[in-house]
Amino acid sequence: MDRRSFLESCTAAAGLGAAAASFPAWAADAKPKAYAKALLVDDRGAPLKASALKPQANYVFHYPFEATPVFLLDLGKAVSPNALTTQDRNSYQWPGGVGARRSIVAFSAICAHQLVYPTPEVSFISFRRKRAQRGVQDGLIHCCAEHSQYDPARGAEVLSGPARQPLCAVLLAHDAGADTLTAYATLGGELFDDFFRKYEMKLSLDVGPKARNAVAGQSVVRELEKFCKNPIQC
Ligand code: FES
């Protein structure tokens with residue numbers, strides 16, 4: 001592990017605090033990017049219980065910035081680590097699922113192709129429990145814009161479509177005693193700079209001046225159907 005990777009891994013681990021017991025053993029080339037910790041809470045502000053997540057349902061929270069959405073999924077089965085590569089040819093080891101069954105995963109909901117993302121008005125991207133229209137298997141994250149498909153059980157690896165890299169992973173720590181989840185870092189190809197550039201005007205109208213504020217402390221988790229009025233199923 002080179003010095004930079006080592007320091008980044010240490011920074012992520014140090015930021016994890018009390019939940020460090022579930023911090024994974026990183027491969028030599030992993031480069032998690034640490035952000036402020038955010039406890040996942042329900043819409044009343046109570047800590048979300050990992051075991052209360054409905055299997056294979058779409059949940060949305062925002063991390064690492066106020067305007068950057070993330071899909072939270074309990075895939076209903078144990079999910080193993082996977083070796084992945086960004087479009088810049090940086091390899092990384094996605095650590096797999098967390099929670100009692102290692103079935104819970106989180107990925108940036110910003111499509112790695114043209115940055116389509118779920119808003120309160122409409123969502124063209126979501127997890128599909130059953131085969132999507134142009135799907136190759138069940139249980140994919142499908143973007144209706146140009147039909148990029150990602151496998152959340154393999155770190156959101158691209159299975160088809162024009163996207164050139166996996167969705168950026170959001171790393172979660174599971175506190176087994178409290179059964180809570182804390183977001184603490186990203187891993188993979190971040191597209192946040194491109195996202196804020198592309199949607200600067202829209203985000204200033206929709207979210208306001210706090211759009212690029214870092215999420216810290218907690219982040220509210222909502223089912224996609226409650227977060228978004230019109231989740232498109234293409
Ligand atoms: S924006 Fe998602 S496939 Fe093009």
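A residue counts as exposed when its relative accessible area is over 50%, and as buried when that area is under 20%. Arg 89, at 74% relative accessibility, is therefore exposed. This residue belongs to a predicted model, and the report returns to it below.

## Overall make-up

The protein chain has four helices and 14 strands. Of its 234 residues, 51% count as buried. Its accessible surface comes to about 10800 Å². Carbon and sulfur atoms hold 50% of that surface. Contacts reach far along the sequence: among those between residues at least 6 apart, 62% join residues at least 24 apart.

## The β4–β5 hairpin

β4 covers residues 82-85 and β5 covers residues 91-94. The two strands pair in the antiparallel sense, over four bridges. Together they form a hairpin with five residues between them. One of the bridges joins Leu 84 to Tyr 92 in β5.

In a regular strand the side chains alternate between the two faces of the sheet. β4 shows such an alternation. Asn 82 and Leu 84 point to one face and are buried. Ala 83 and Thr 85 point to the other face and are not buried.

The turn holds Arg 89, in the loop between β4 and β5. Its phi is positive, about 65°, although Arg 89 is not a glycine. Most residues other than glycine have a negative phi.

Asn 90 lies in that loop too, between β4 and β5. How exposed is Asn 90? The cut-offs are 20% and 50%. Asn 90 has 39% relative accessibility, so it counts as partly exposed. Leaving out residues up to four places away in sequence, Asn 90 touches Leu 84 and Thr 85. Leu 84 is on the buried face of β4, and Thr 85 points to the other face. Asn 90 also has a distant partner in sequence to consider: Gly 189 is 99 residues away along the chain, and 8.4 Å away in space, C-alpha to C-alpha.

## Cavities

Gly 189 leads to the interior, where it helps line the second largest cavity. The structure holds two cavities of 30 Å³ or more. The second largest has about 50 Å³ of space. Its lining includes Ser 108, Ile 110 and Ala 112. Gln 165, Pro 166, Leu 167 and Cys 168 also line this cavity. Leu 191 and Phe 192 are further lining residues. By class, the lining has seven nonpolar residues, three polar residues and no charged ones.

## The second largest pocket

The second largest pocket has a volume of about 340 Å³. Two elements give two or more residues to its lining: α3 (200-206) and β13 (217-220). β13 gives the largest share, three residues. The lining numbers 18 residues. His 62, Glu 66, Ala 67, Val 207 and Phe 227 lie nearest the centre of the pocket. By class, 10 lining residues are nonpolar, four are polar and four are charged.

## Backbone and burial in the loops

Most peptide bonds are trans. The bond from Tyr 63 to Pro 64 is cis, with omega near 0°. Pro 64 sits in the loop between β2 (59-62) and β3 (69-74).

Leu 115 has a positive phi, near 70°, and is a residue other than glycine. Its place is the loop between β6 and β7 (125-128). Is Leu 115 buried or exposed? Its relative accessible area is 8%, so Leu 115 is buried.

Ser 103 lies in the loop between β5 and β6 (104-108). With a relative accessible area of 2%, Ser 103 is buried. What does Ser 103 touch, not counting residues up to four places away in sequence? The contacts are Leu 73, Asp 74, Leu 75, Gly 76, Lys 77, Ala 78, Val 79, Gly 97 and Val 98.

The table sets the loop residues side by side.

| Residue | Relative accessible area | Class |
|---|---|---|
| Arg 89 | 74% | Exposed |
| Asn 90 | 39% | Partly exposed |
| Leu 115 | 8% | Buried |
| Ser 103 | 2% | Buried |

Note on methods
Residues are numbered from 1 along each chain as its sequence is written. This is a predicted model: local features need pLDDT of at least 70, side-chain atom pairs count only at pLDDT 80 or more; totals for chains, interfaces and linings use all residues. Side-chain values use heavy atoms; hydrogens and water are left out. Buried means under 20% relative accessible area, exposed over 50%, partly exposed in between (1.4 Å probe, protein chains only). Contact means heavy atoms within 4.5 Å. Accessible areas come from the Shrake-Rupley method with a 1.4 Å probe; for residues, only the protein chains shown count as cover. On a 1 Å grid over the protein atoms alone, a cavity is a set of points where a 1.4 Å probe fits but cannot get out, and a pocket is an open set with protein on both sides within 12 Å along at least five of seven lines; lining residues have an atom within 4 Å of a point. Grid points are joined across faces, edges and corners, and a volume is the space filled by probe spheres set on the points. Ala, Val, Leu, Ile, Met, Phe, Trp, Tyr, Cys and Pro count as nonpolar, Asp, Glu, Lys and Arg as charged, and the others, Gly among them, as polar. Two strands pair if DSSP finds at least two bridges between them.
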